[in-house]
Amino acid sequence: MEPADGHPTIQHCIRSFEPYLAANRRTEKPVIHISLNPHPDDVLTDEQLTAIGQEYMEKMGYGNQPYIIYRHEDIGRLHIHIVSLRIDEQGKKIKDYKEWQRSTAVCRELERKYHLLPAEKMERRESLPLTAVDYRKGDIKHQIANVVKPVMQGYKFQSVKEFKALLGLFHVTVEEAHKTIKGKTYHGLVYAATDEKGERTGVAIKSSKIGKSVGYEALQKKFVKSKQ
């Protein structure tokens, strides 16, 4: 689902995921996050990184899935992140039997094909601890924190709307809260769990209860950094 100007936003990407998520709400972890980390001495163009990401997804059985590939340098070396879905368009869960072993084999194959330096001792694939919140399991604050913190740290978004859409994949919503006391306005965020239909459920949790890293000021700084 691409906009007319050819520059998709997080909103467009999320909308591409929605029909798949709606087709199967039983799978506990419908979203898959992959990080492919070439050796620091490898020099790769954006086109090569894209090709590597696409071939990896094809060989792992996710080639027909909607997915996002983006480059990152937050750990001091160039690497790519891939976000996709474990559910196909018919609502069936994609087989992940021995996925780690298959991933390792595919990475070695791609190293040989693209003449990359061996990175056997480096972590080739890592899944962020992003498990969708289940309001029925309790300990909502802890569950929400385990989604909000990694999303704030590892993804780019330029508005509350985009941030909210991304959190929605993991059954979390966010709202801005504004309060004026003695003529001074204070800004904050509140997070809450959502049910299978995306409706807010349970008690909202102030960002201050989770930490400054997911508060209003941190979010505003994130918008600026993402735009840069």
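Start by selecting R86, which sits in the loop between β3 and α3 (99–113). Keep in mind as you click around that this is a predicted model. Is R86 buried or exposed? With a relative accessible area of 11%, R86 counts as buried, because the cut-off for that label is under 20%. Now add Q65 to the selection: 21 residues separate Q65 and R86 along the chain, yet their C-alpha atoms are 8.3 Å apart.

Next stop, the largest nonpolar core. Select V151, F157, F163, L167 and Y191: out of the 36 residues in this core, these touch the most other members. To see where the core comes from, colour α1 (10–23), β3 (79–85), α4 (140–154), α5 (160–168), β4 (172–181), β5 (184–194) and α6 (216–227), each of which contributes at least two residues. Which element gives the largest share? That's α4, with six residues.

Zoom in on L167 and show what surrounds its side chain. Skipping neighbours within four places in sequence, you'll find L167 in contact with V147, V148, V151, V172, V174 and Y191. While you're in the mood for cores, there's a second, separate one to pick out: it has 18 residues, L49, M57, M60 and Y62 among them.

Now go back to Y191 and switch to a cartoon view. Which residue is its bridge partner in β6? Select I205 and you have it. Widen the selection to β5 and β6 (residues 200–206), and you'll see two strands paired in the antiparallel sense over four bridges. Together β5 and β6 make a hairpin, with five residues between the strands. In that turn, click G198 and check its backbone: phi is positive, at about 85 degrees.

Last stop, the largest pocket, so turn on a surface if your viewer has one. How much space lies in this pocket? About 710 Å³. To centre the view, select A132, G168, L169, H171 and D195, which lie nearest the pocket's centre out of 33 lining residues. Then highlight α1, α4, α5 and β4, since each supplies at least two residues of the lining. The largest share of the lining comes from α1, with four residues. Finally, colour the lining by residue class: the split is 11 nonpolar, 11 polar and 11 charged.

Technical notes:
Residues numbered from 1 in each chain as written. Predicted model: local features only at pLDDT ≥ 70, side-chain atom pairs only at ≥ 80, totals over all residues. Heavy atoms only, no water. Core = buried A, V, L, I, M, F, W, Y, C linked by side-chain atoms within 4.5 Å. Buried < 20%, exposed > 50% of the residue type's maximum accessible area, 1.4 Å probe, protein only. Contact = heavy atoms within 4.5 Å. Pairing = 2+ DSSP bridges. 1 Å grid on protein atoms, 1.4 Å probe; cavity = no way out; pocket = protein on both sides within 12 Å on 5 of 7 lines; lining within 4 Å. Points joined across faces, edges and corners; volume = space filled by probe spheres on them. Nonpolar A, V, L, I, M, F, W, Y, C, P; charged D, E, K, R; others polar.
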